[in-house]
Amino acid sequence: MTLKNNWVQLAILAVIIVILPTFFPSGYYYRVGALVFVNALSVVGLVILIGYAGQISLGHAGFAGIGAYACALAPVHLGIPPVLAILLGAAISAVLALLIGRPILRLKGYYLGVATLGFGILVSMVLSNERGLTGGPDGMSVPSLGLRPLLRDMGLRLSGGEFWYIFNAAALLIGIWIAINLYQSATGRAMRALHGSETAAQTVGIDVARFKLQAFIISAVYASVGGSLLALQNGFITPDVAGFMHSVEMVTMAVLGGVGSVLGATFGAAVLTLLPQILTVFHEYEHLVLGLVMILVMIFLPLGLLPSLAARIRWRGV
Amino acid sequence: MKVTNTALATLMVLGTVTGAAADIKLGASLSASGPAAFLGDPEAKTLYMLVDDLNAKGGINGEKIELVIYDDGGDPNKARTFATRLVEDDEVVAIIGGSTTGTTMSILSVAEDEGIPFISLAGAIQIIDPVREYVFKTPHTDRMACEKIFTDMQKNGITKIGMISGTGGFGASMEAQCVDVAGNYGVEILVQETYSRQDADMTPQLTKIKSTEGVEAVLNPGFGQGPAIVTRNYAQLGIDLPLYQSHGVASDGFIELAGKEAAEGVRLPGTALLIADIMEEGDPQKEVVIAYKTAYEEEYGEAVSTFGGYAHDAFRLMTDAMARAGSSDPSAIRDALEATSGMVGTTGTYTFSPDDHLGLDLSAFRMLEIRDGKWTSID
């Protein structure tokens with residue numbers, strides 16, 4: 001992907017985000033859009049880890065959980081405003097990623113997958129069992145971000161859905177912008193080099209352990225911020241946000257959209273967030289259809305939806 | 001980007017189709033699939049059946065009911081999105097649902113913010129305490145289940161018990177409530193054990209309880225298959241003390257799972273629905289319970305469960321309030337709902353007030369015992 005291409009893609013995405021609402025028949029679509037963006041943000045983080053650095057994580061929902069509960073707990077117990085709680089959650093996630101990343105990133109392939117999976121399950125167990133603090137499996141409410149009343153005082157009246165649509169879209173665009181920058185930086189090149197061949201990267205003098213760890217920490221921060229925004233947007237959070245299924249969902253979104261590109265991540269997140277909403281019509285067959293879509297994509301578009309389609313279109317010379 | 005646009009276009013088309021003209025729109029978000037499907041499935045079936053029935057009879061004040069049900073799979077996140085969708089896109093005037101406490105808590109704030117009357121089908125006390133303007137619920141709280149069980153223990157002179165609870169939401173919440181109220185009934189909890197959802201054998205925990213000096217009865221808060229395993233292990237270990245289960249297992253499925261022999265003598269607080277056949281003539285609930293049980297079993301060919309009964313009661317309460325409100329304005333329905341008095345349901349007789357949005361008392365619970373694979377009343 002060339003430099004020009006990436007910025008063009010970002011611009012296209014921004015335009016789509018701005019234009020889409022004119023087609024929304026009701027406020028509910030803003031809510032769905034906001035959900036797509038927040039999922040996409042977490043997935044962009046995974047693209048950095050999986051797509052750039054070639055590492056796998058099945059436990060990133062753990063970081064989402066930390067971000068989410070930071071927003072739920074810090075304002076109540078520490079008196080920190082929710083906006084800063086997002087940063088606090090991100091900081092905690094980064095430190096944790098640093099601590100656990102050091103030993104587990106020595107592992108490769110399945111072993112790394114299992115170790116990260118263990119981490120995710122640990123976080124969700126702590127959240128479920130520390131009833132006194134987190135309310136246990138029944139979850140707890142999250143204080144409001146407090147920006148909406150502020151905007152209202154400034155004369156800008158937004159519904160909850162509209163506000164989160166704009167807020168999350170901004171967060172996503174910033175997230176993608178950072179990811180694209182990273183891709184083109186020396187660090188990004190080093191990450192891609194170790195993705196290609198760890199031995200070769202080492203031979204040319206790349207500190208493999210350091211760049212793996214960096215990718216891990218960066219992606220953890222993305223997941224954490226995504227979790228925070230999800231919690232703030234919903235106003236309620238349960239340990240499910242840190243659950244294994246959420247981790248798998250995130251990886252699936254990344255793989256479905258195409259793990260090599262940040263825009264693919266948005267695309268994968270959009271498809272997997274929208275499908276269950278569209279499939280409510282089929283009601284009882286939802287899982288069946290979802291499974292079928294995944295299988296077909298894996299068989300016929302193995303690179304992920306976006307890159308495969310792009311390649312096919314190019315091949316036909318369109 | 002072509003596909004995104006197609007997907008969104010499809011979404012929008014669907015939106016306009018479901019947004020077509022309707023009479024009274026009633027929404028529901030239930031956990032018809034996923035780990036809580038044993039709650040959501042009978043609830044959804046009950047609602048479909050009751051809506052068809054009501055519409056066949058001419059609806060409410062001549063207006064038909066249109067039911068919109070979404071399956072949240074027990075995921076609070078999805079429940080939240082569906083609740084928003086019900087309110088903003090489908091424009092329903094009332095919501096029933098939240099099969100679990102988690103999904104209820106996430107729907108609840110949408111209902112409160114938008115001013116839509118909402119009846120939850122979940123157990124925990126935090127749903128209606130503190131009272132929220134637009135939020136009601138039909139099942140008893142776990143606290144009431146504890147109180148009912150301890151009343152029965154008191155009657156039988158039991159003062160020292162052991163407790164084994166599930167670590168899931170329901171089990172943990174009820175455990176805490178039971179510990180909280182035990183003292184009021186002179187009951188002392190000597191030993192507390194837990195098991196997690198995946199445990200397939202509770203023998204170690206039960207052995208510990210068995211070997212604890214002075215235990216006179218055992219209480220097991222939890223739902224799903226855990227309590228059935230506890231019951232089976234309990235019989236295998238030959239523990240000769242009364243075993244109390246929670247209302248979370250009040251269905252025929254529990255007896256099947258635990259086995260007739262093992263379940264013999266198990267006591268639990270349940271609703272009238274389980275003992276419909278043997279209820280005394282003149283029992284105020286008898287007519288309602290029999291009518292629902294017969295209709296449901298005829299329609300679906302499977303046994304009724306307590307959980308479907310919660311949905312039945314919620315639907316009756318909501319439609320009754322709509323009829324009395326005489327309009328489909330959400331706040332008028334809410335006011336009528338709060339004024340509900342003496343409404344007989346399968347779970348009990350509901351009387352709401354501004355500071356009670358559950359409207360049931362302990363008398364609605366019946367102490368049941370399993371004898372010979374059947375439910376009997378021991379009140």
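Start by selecting Cys71(A): in this predicted model, Cys71(A) is buried, with a relative accessible area of 0%. Cys71(A) falls in the residue range of helix α3 of chain A, which runs over residues 60–77, and that helix is a good next thing to colour.

**Two helix pairs in chain A**

Keep α3(A) on screen and add helix α12 (residues 244–257) of chain A. The pair packs at an angle of about 115 degrees, and the axes are 7 Å apart. That makes α3(A) and α12(A) roughly perpendicular to each other, because angles from 65 to 115 degrees are put in that class. Look down on the pair and you will find that α3(A) passes α12(A) in a right-handed crossing. To see the contact itself, show side chains for His60(A), Ala61(A) and Ala64(A) on α3(A), then His246(A), Ser247(A) and Met250(A) on α12(A). Coloured by class, this contact has three nonpolar residues, three polar ones and no charged ones.

Now hide that pair and select helix α4 (residues 82–104) with helix α11 (residues 208–234), both in chain A. Here the axes come within 8 Å and cross at roughly 145 degrees. The crossing of α4(A) past α11(A) is right-handed. On the α4(A) side, the residues in the contact include Ile86(A), Ala90(A), Ala94(A), Leu98(A) and Arg102(A). Among their partners on α11(A) are Leu213(A), Phe216(A), Ile217(A), Val221(A) and Leu229(A). The residues of this contact divide into 16 nonpolar, five polar and one charged.

**Tyr52(A)**

Stay in chain A and centre on Tyr52(A), which lies in helix α2 (residues 28–52). Is Tyr52(A) buried or exposed? At 2% relative accessibility, Tyr52(A) counts as buried, because the limit for that label is under 20%. Setting aside neighbours within four places in sequence, the contacts of Tyr52(A) include Ala179(A), Ile180(A), Leu182(A) and Tyr183(A). Met191(A), Arg192(A), His195(A) and Val262(A) are also among the residues in contact with Tyr52(A). For a distance check, draw a line from Tyr52(A) to Met253(A): C-alpha to C-alpha they are 16 Å apart, and in sequence 201 residues apart.

**The disulfide in chain B**

Over to chain B, where you can select Cys146(B) and Cys178(B). A disulfide joins these two, with an S to S distance of 2.1 Å, and the count over all chains comes to one disulfide. Set a dihedral about the S-S bond and you should read -90 degrees, a left-handed link. Cys146(B) lies in helix α5 (residues 142–155) and Cys178(B) in helix α6 (residues 169–182), so the bond ties together parts that are 32 residues apart in sequence. Switch on a surface next: Cys146(B) is buried at 0% relative accessible area, and Cys178(B) is buried at 0% as well.

**Two last stops in chain B**

Pick Gln205(B) in helix α7 (residues 203–210). Gln205(B) is buried, with a relative accessible area of 10%. Which residues does Gln205(B) touch, not counting those up to four places away in sequence? They are Ile164(B), Glu193(B), Thr194(B), Tyr195(B) and Asp199(B).

Finish at Ile333(B), found in helix α13 (residues 330–338). Ile333(B) counts as buried at 0% relative accessibility. Beyond four places in sequence, the residues in contact with Ile333(B) include Val93(B), Pro117(B), Met318(B), Ala321(B) and Met322(B). Phe315(B) sits 18 residues from Ile333(B) in sequence, and their C-alpha atoms are 13 Å apart.

Notes:
Residues numbered from 1 in each chain as written. Chains lettered and ligands numbered in written order. Predicted model: local features only at pLDDT ≥ 70, side-chain atom pairs only at ≥ 80, totals over all residues. Heavy atoms only, no water. Disulfide = S-S within 2.5 Å. Helix = DSSP H or I, 4+ residues; strand = E, 2+ residues; numbered from the N terminus. Buried < 20%, exposed > 50% of the residue type's maximum accessible area, 1.4 Å probe, protein only. Contact = heavy atoms within 4.5 Å. Axes fitted to C-alpha atoms, helices over the stretch in contact; angles between N-to-C directions. Parallel < 35°, antiparallel > 145°, perpendicular 65-115°, else oblique. Left-handed = near helix turned anticlockwise from the far one by under 90°. Nonpolar A, V, L, I, M, F, W, Y, C, P; charged D, E, K, R; others polar.
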